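Biologist: Please pick one single spot in this model and take me through it slowly. After that, carry on outwards into the rest of the fold, and keep the jargon explained for a first-year.

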Amino acid sequence: MSQNSESFLSSVERTFDQAAELVGISPGLRHKIKVANSTYTVRFGVRLRDRLYTFTGYRSVHSEHMEPVKGGIRYSPYADQDEVEALAALMSYKCALVEAPFGGSKGALVIDPNEWEAFELERITRRFTQELSKRSLISQAQNVPAPDMGTGEREMAWMADEYKRLHPEDLNPWACVTGKPVNKGGIRGRVEATGRGVQYALRECFRHPKDIEVAGLSGSLDGKRVIVQGLGNVGYHAAKFLSEEDGSKIVAVLERDGAIVDYDGIDIEALHAHILEHGGVKGYANYQEDAKSCLELDCDILIPAAMEGVITPENAERIQARLIIEAANGPITFTADQILRDKGVVIIPDLYANAGGVTVSYFEWVKNIGHIRFGRLQRRQEERKTTMMVSAIEELVGKKFPEGLLEELVAGPTELDLVRSGLDDTMRQGYQVISEKWHSDDKIPDLRIAAMMISLERIVDSYVSLGI
Ligand code: NAD
């Protein structure tokens, strides 16, 4: 069960209702879009440690207005139907918002991955994949999972390999999941994509002075004090890029087993290495045990990047951050969201803020179907053309290009360059349309409702063109 009284699904649905009212969707279609199309629960047995263990898994399909449907699979002891349905719905809205041509889905396995050895997790994951495959809930054409909380490249590689074994005749087996290692059909830049997307989203927000003024902020990301909750895949990359590339100061990192607070700025690489070695933040300098109350510390930007339901009516009033970017899905409940908005806090909502993951997953899926690395055909051709142009300019002006600049100018784009460019473009455009919508009508209270309205308008269009 989600760990708070205001359920995750009800928060998503209340946001939906508010946006649907403003868009003016007819009651029948509104209901059709709002509810999950199907949620499959599976209980399967795996013989381990000399006994049979029964595991429960879910895969929810929210909307099939576009196929395949897309969404991560999380491994968490708290996963339940409410949670996967909320996450699947968010995936439909997220994909529509960033124009990734997918419907929404999400899955979960009720398990604490820390309790199992790698070889045991592999057997469990392969059994889960078999169950999903039986019902086309993993399939390059119908349903494409990805990593989420508690899963990563390793689990995706096991899933893809199992799917390939079950479907030897399939021409595109690697397209059945995204977030795979590069040597198993993955794409460069996927591991860090969600955190990188958070960075690009913040950069774009700071290019909109009117928006950050609402939060009482000004200037750039340089020197901004940032608190990050959860130094996992998303939180680690967001914190790393913001501190290393934008000059932001990470003043607190909140983890399961405590928090590190240092207003001189935390060395994210060193802390991350400590977590990998010791399994938590305990033992690192400036440690304190009570992580939850650290959400309320003074800062400019708060990045919840762990889990849902961490800012509730119980603590919302005490939050001091001026800008919150929801790197996690659903970290702020519906009621807490209203409290924060009344305090003038600007919230960059999950359905946009963490869409970097699905955006690069989309590129990976296209790569798998195309069977060719991005940039492979044109890279050297572009290098040759630019070299010729540079030589012509040098001859005309009688001067040489500076050495460092020349190399950067001439080098053709690698797959990573193209992925970053596509991600940056998606995050910039995404923010621009949401911000424009927010300011277009006084009835639209914030970025979250604006983002949801844009998603719903696109989904409605898609249904209408199907004659529904
Ligand atoms: P992860 O498992 O890699 O990391 C989660 C981190 O949060 C871990 O370090 C964990 O120890 C920490 N954590 C867990 N409970 C905590 C608590 N109560 N307080 C503080 N820290 C806690 O997961 P992730 O992939 O980084 O996902 C995090 C969030 O981002 C989830 O909400 C997920 O749905 C969302 N998300 C992930 C992706 C992706 O590409 N991985 C994409 C979009 C959204």
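Modeller: Let's start at H208, which is buried, with a relative accessible area of 17% (buried means under 20%, exposed over 50%, partly exposed in between, using a 1.4 Å probe and protein chains only). This is a predicted model, where local features need pLDDT of at least 70 and side-chain atom pairs count only at 80 or more, while totals for chains, interfaces and linings use all residues. Residues are numbered from 1 along each chain as its sequence is written, and side-chain values use heavy atoms, without hydrogens or water.

H208 sits in the loop between helix 6 (193-206) and helix 7 (209-214) (helices are DSSP runs of H or I with at least four residues, strands are E runs with at least two, numbered from the N terminus). Leaving out residues up to four places away in sequence, H208 touches Y431, Q432 and S435 (contact means heavy atoms within 4.5 Å).

Those three partners lead us to helix 15, which covers residues 415-440. Helix 15 packs with helix 12 (residues 356-370) at an angle of about 135°, their axes 10 Å apart (axes are lines fitted to C-alpha atoms over the stretch in contact, and angles between N-to-C directions run from 0 to 180 degrees). That angle makes helix 12 oblique to helix 15 (under 35 degrees is roughly parallel, over 145 roughly antiparallel, 65 to 115 roughly perpendicular, the rest oblique). The two helices cross in a right-handed way (the near helix is turned clockwise from the far one by less than a right angle; anticlockwise would be left-handed). On the helix 12 side, G356, T359, V360, F363 and K367 do the touching, and on the helix 15 side E415, V419, G422, L423, T426 and M427. Sorted by class, that contact has 5 nonpolar, 4 polar and 2 charged residues (Ala, Val, Leu, Ile, Met, Phe, Trp, Tyr, Cys and Pro are nonpolar, Asp, Glu, Lys and Arg charged, the others, Gly among them, polar).

Now hop from helix 12 into the loop between helix 12 and helix 13 (379-397), where you'll find H371. H371 has a positive phi of about 60°, even though it isn't a glycine.

Back to helix 6, on one side of our starting loop. The axes of helix 6 and helix 8 (residues 233-245) come within 7 Å and cross at roughly 45°. That makes helix 6 oblique to helix 8, and the crossing is right-handed. From helix 6, T194, G195, R196, V198, Q199, L202 and R203 join in; they meet V234, H237, A238, F241, L242 and E245 of helix 8. The class count for this contact is 6 nonpolar, 4 polar and 3 charged residues.

What about cysteines? The count of disulfides comes to 0 (a disulfide needs a pair of cysteine sulfur atoms within 2.5 Å). C176 is in no disulfide, with the nearest cysteine sulfur, that of C95, 17 Å away. For C205, the closest cysteine sulfur belongs to C299 and is 14 Å off, which is too far for a bond. Both cysteines are tucked away: C176 is buried at 0% relative accessibility, and C205 is buried at 0% as well.

Next, V261 in strand 8 (residues 258-261). V261 is buried, with a relative accessible area of 15%. Skipping residues up to four places away in sequence, V261 touches V251, A252, N286, Q288, C294 and L297. V261 and Y287 are 26 residues apart in sequence, yet their C-alpha atoms are 6.7 Å apart in space. A285 lies in the loop between helix 9 (268-278) and strand 9 (287-288), and is partly exposed at 48%. A285 pairs up in a similar way with I260: 25 residues apart in sequence, 7.1 Å from C-alpha to C-alpha.

Last stop, two loops with backbone quirks. D50, in the loop between strand 1 (38-48) and strand 2, has a positive phi of about 65° without being a glycine. D50 counts as exposed, at 78% relative accessibility. In the loop between strand 2 (51-63) and strand 3 (69-75) is P68, joined to E67 by a cis peptide bond with an omega of about 5°.
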